[in-house]
Amino acid sequence: MSVRSRGDSGQAFPVYITVMAGLLFLALVYFAVGQAAANRNGGQTAADAAALAAAQDAREQLRQGWLEVILDPDAWDAYVRGDRYDVDQACDEAAAYAAKNGAQLWHRDDGCRPVRTNGAEEFRVRVRTDDSVGRSLVPGTEDKHTVATATAVLKPRCSFDAPEPTPPPTPATPTPSDTATPQPTPTPSPEPEPITGLVCDGIEWTIDPDHPRLPDAADLFTVRLAD
């Protein structure tokens, strides 16, 4: 009996080793799949944040630049369209937000690219995660990183129709008595008129020359992730 028991134990040991190896292999596979999914989600989060950061920075630039020319409606056109901003500054903001989320722009020229589409600015961003797919814990994944893309849309919400200029008053025809004794009359400086014609989402805005102000940036332009 004792000889037979030792023989059974000797046969069961290789089976035990095989089963344990299989379980360890399955655990490694599940771990690798979980790490890859987490890395992919993190990469997409970084891409979304970077694209939104670029669009929001451009929006703030547009409002600030618009304020600088607010009393010159002839210079408004580029700001109303939403295409007067520093692209490098907006993309620097995208890079900063990608880094905060564990990623970096995937090449500068291709990693952040604004494109004009249907009257809106689209910020197309591509990032690569800093961590590898398996975070160097899964053999063979050391050089494999997630690359994710996202697009944020910056769209104007306002239109501007410059009002027709008011013609200057017609000077009165002098009478004979006036011509006999001409008297110099000082010309008063015309008071600056309010600037009208700016409409944002159906709301009319009047710019007071004495206290000029614009709507908030979010009222001037929408920023959203593309579907």
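Is T129 buried or exposed? I will come back to that residue once the chain around it has been laid out.

What you have in front of you is a predicted model. The mean pLDDT of the chain is 81, and 65% of the residues reach 70 or more. Among the elements, strand β8, residues 221-225, has the highest mean pLDDT, at 97. The lowest belongs to helix α5, residues 176-180, with a mean of 55.

Now the overall layout. The chain has six helices and eight strands. In sequence order they read α-α-α-β-α-β-β-β-β-α-β-β-α-β. There are 227 residues, and 28% of them are buried. The accessible surface is about 14,800 Å², and carbon and sulfur atoms hold 55% of that. If we take contacts with a separation of 6 or more, 68% of them are between residues 24 or more positions apart.

Next, the core. The largest nonpolar core consists of 38 residues. Nine of them come from helix α1, residues 2-68, and that is the largest share. W66, W76, F123, V127, L154 and L198 have the most contacts inside this core. Take W76 as an example. Apart from neighbours within four places in sequence, what does W76 contact? The list is W66, V69, I70, F160, I195, L198 and I207. Two of those names, W66 and L198, are also on the list of residues with the most contacts in the core.

On to the strands, and to β3 in particular, which covers residues 120-132. Let me go through its pairings in order. Strand β1, residues 103-105, is joined to β3 by three bridges, and the two run antiparallel. In that pairing, L105 has V127 as its bridge partner. V127 is also one of the core residues named earlier.

Strand β2, residues 112-117, is antiparallel to β3 as well, with six bridges between them. Here T117 is bridged to A120. The two strands form a hairpin with two residues between them, and N118 takes a positive phi near 50° there.

Then comes strand β4, residues 145-156, which pairs with β3 over nine bridges, again in the antiparallel sense. One bridge in this pairing is between V125 and A150.

A word on one residue of β2, namely R113. How accessible is R113? Its relative accessibility is 37%, so R113 counts as partly exposed. Setting aside neighbours within four places in sequence, R113 contacts E122, F123 and R124. F123 is another of the core residues with the most contacts. There is also a spacing to note: R113 and T151 are 38 residues apart along the chain, and their C-alpha atoms are separated by 9.5 Å.

That brings me back to the opening question. T129 sits in strand β3. The relative accessibility of T129 is 4%, and the cut-off for buried is under 20%, so T129 counts as buried. The side chain of T129 has a polar atom 3.0 Å from the backbone oxygen of D131.

To sum up β3: this strand is joined to β1 by three bridges, to β2 by six and to β4 by nine, and T129 is one of its buried residues. That is where I will stop.

Methods
Residues are numbered from 1 along each chain as its sequence is written. This is a predicted model: local features need pLDDT of at least 70, side-chain atom pairs count only at pLDDT 80 or more; totals for chains, interfaces and linings use all residues. Side-chain values use heavy atoms; hydrogens and water are left out. Helices (H or I, at least four residues) and strands (E, at least two) are DSSP runs, numbered from the N terminus. Buried means under 20% relative accessible area, exposed over 50%, partly exposed in between (1.4 Å probe, protein chains only). Contact means heavy atoms within 4.5 Å. Accessible areas come from the Shrake-Rupley method with a 1.4 Å probe; for residues, only the protein chains shown count as cover. A nonpolar core is a set of buried Ala, Val, Leu, Ile, Met, Phe, Trp, Tyr and Cys residues joined through side-chain atoms within 4.5 Å. pLDDT is the predictor's confidence in each residue, from 0 to 100. A polar contact is a pair of N or O atoms within 3.5 Å; within protein, one must be able to donate a hydrogen and the other to accept it, and residues adjacent in sequence count only if both atoms are side-chain atoms. Two strands pair if DSSP finds at least two bridges between them.
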